[in-house]
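Student: I've got this model open and I'd like to look closely at one part of it. Could you walk me through a single piece and then show me how the rest fits around it?

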Amino acid sequence: MEAFVWSERFETGFASVDAQHRHLVALVNRVGDMLLDANPGSSGIEEVFRELSTYAATHFRGEERLMQENGVDARHLEHHRKSHRDFVEQVKEMWNQRKLMSAPAETLHGFLVAWLSFHILGEDQQMAREIMRIRQGKSPAEAHELEHTRGERSTTALITALKNLYAVLLRLNRDMAQINARLEAEVAERTKELLQSEKLASIGQLAAGVAHEINNPIGFVTSNLGTLGRYVDQLLRLADLGAATPQGEAISQEIDLAYLKTDVADLLRETRAGLERVQKIVVNLKDFSRVDQAQWQEADLLAGLESTLAVAAHELKYKADIKRDLAPLPPVRCMPAQINQVFLNLLVNAAQAIAGHGTITLKSGRAGDRVWIEITDTGCGMDAATQRRLFEPFFTTKPVGSGTGLGLSLSWDIINKHGGSIDVDSTPGKGTTFRIWLPISGPSGGHEAG
């Protein structure tokens, strides 16, 4: 579709400029042909964009050099340069937004027709006339003023209208770019918030459980130490006065020295037991997170499962009894902290699926070069439609604000990265079983991602 047919009206009298203009007219008509094609594809339009990039780099540089060599007035030179910059900016924006456009060829065609019309018929013709006037002896300022006040109102009105149309397209493209950039930024920020929310949710559950488990031993340790401090003060008083003196003997009876000695031993024993419990909790937390072992390695999955159970004890013990039917497993090449995160997600989900108090059963086994670990709950179960969407990002059956729908999606990604899979078997009203499969030697071909 030839929107433009080359004629003498387009000629400036400068061969290099006119040759580039002819090439641009051909490009416009080629885009017009794409509009008539029912299935234009994307390769053709992308080739046009590449040619436009070459055109801009060559043609604009040549025009600006021509104006400088002929001493064109600085006002016209700057105006011309701005027009060139606008063209380059808009072509870049359309290139960036081309996949979001419903009809990129139509948008590009309209843009080029408007730009070609006012630029070649208007600005470039004015440039050519100013250069000719300068060569005839006019000063650059005189030549510019003569062209600026030139007649031909009908042509000027047409050029102005076309220029205004181009300005509208320019603003629309800029607005589209800003809107898309804002939407992309909002989507990225929202996704980041949701991922962070999921991460914080796991950390929050972890922290709540750990805090609860630590609070009890810390409570009686603190209490015992307070009592112990008072006893020590009394013992020091007795030691200062001497138990054999009349005053010492009186104090000894006052404080019941025999009982105090026995109770001090008991308090110290309880204190040590409490501290050992705290140490065990910290060790379990460290085993769960594996902060000192963040690389691929041979790991004991059952040890990791036990450390996860200890960390999630506060979340689980009020909702379910834990039953173990765990067969020994060989060491598995994996990233233990990530596998433990999957265990945590599945265990917490199992507890939350139980309305009152139920049972979570853990099983394990080996099949050839793979191992499996099963987590079964006696919760509410899921229908087939829910199971099909279970691992979709942001899908959740929990009330608004109670979950992000990323836990199972992230778990699937982790297991998939390890070369494994997750099977789900669920019956509404009866419960759910998740079975994690992992290759013993790690991902096939040694393709281990960080």
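**A close look at helix 4**

Tutor: Sure, and let's set the scene before zooming in. Buried residues account for 41% of the 450 residues in the protein chain. Keep in mind that this is a predicted model. The chain has 13 helices and seven strands. Take the contacts between residues at least 6 apart in sequence: 74% of them join residues at least 24 apart. On the outside, the chain exposes about 24,200 Å², and carbon and sulfur atoms supply 55% of that.

Now for helix 4. It runs over residues 104-135, which is 32 residues. From its first C-alpha to its last it reaches 43 Å, close to the 46 Å expected at 1.5 Å a residue. Along the way there is a kink of about 40 degrees, centred on H119. Is this helix enclosed or open? Of its 32 residues, 23 are buried, so helix 4 is largely enclosed by the rest of the structure. Just after the helix ends, you'll find G137 with a positive phi of about 115 degrees.

Next, pick out E130. Its side chain makes a polar contact of 3.0 Å with the side chain of H144. H144 sits in helix 5, which covers residues 140-148. With a relative accessible area of 8%, H144 is under the 20% cut-off, so it counts as buried. What else does H144 touch, once you leave aside neighbours within four places in sequence? The list is D73, R75, H76, Q126 and E130.

W115 takes us to another part of the picture, as it belongs to a nonpolar core. To see that core in context, start with the largest one, which has 37 residues. Within it, L301, I339, L347, I360, F434 and L438 touch the most other members. Several elements give two or more residues to this core, among them helix 9 (301-311), strand 4 (358-367) and strand 7 (431-439). Helix 11 gives the most, with nine residues. A second, separate core holds 27 residues, including F10, V28, F49 and W115.

Back in the largest core, try clicking on I360. Not counting residues up to four places away in sequence, I360 touches a list of residues that includes L316, I322, L347, A351 and I375.

Helix 9 deserves a stop as well. Eight of its eleven residues are buried, so helix 9 is largely enclosed by the rest of the structure. The buried ones are L301, L302, G304, L305, S307, T308, L309 and V311. At the start of helix 9, a side-chain oxygen of D300 comes within 3.1 Å of the backbone nitrogen of L302.

One last stop is W6, in the segment before helix 1 (15-36). Is W6 buried or exposed? Its relative accessibility is 19%, and the cut-off for buried is under 20%, so W6 counts as buried. Leaving out residues up to four places away in sequence, W6 touches E11, D18, H21, R22 and V25. As for R22, W6 is 16 residues from it in sequence and 7.1 Å from it in space, C-alpha to C-alpha.

How values were computed: Residues are numbered from 1 along each chain as its sequence is written. This is a predicted model: local features need pLDDT of at least 70, side-chain atom pairs count only at pLDDT 80 or more; totals for chains, interfaces and linings use all residues. Side-chain values use heavy atoms; hydrogens and water are left out. Helices (H or I, at least four residues) and strands (E, at least two) are DSSP runs, numbered from the N terminus. Buried means under 20% relative accessible area, exposed over 50%, partly exposed in between (1.4 Å probe, protein chains only). Contact means heavy atoms within 4.5 Å. Accessible areas come from the Shrake-Rupley method with a 1.4 Å probe; for residues, only the protein chains shown count as cover. A polar contact is a pair of N or O atoms within 3.5 Å; within protein, one must be able to donate a hydrogen and the other to accept it, and residues adjacent in sequence count only if both atoms are side-chain atoms. The expected span of a helix is 1.5 Å times one less than its number of residues. The bend at a residue is the angle between axes fitted to the seven residues ending there and the seven starting there. A nonpolar core is a set of buried Ala, Val, Leu, Ile, Met, Phe, Trp, Tyr and Cys residues joined through side-chain atoms within 4.5 Å.
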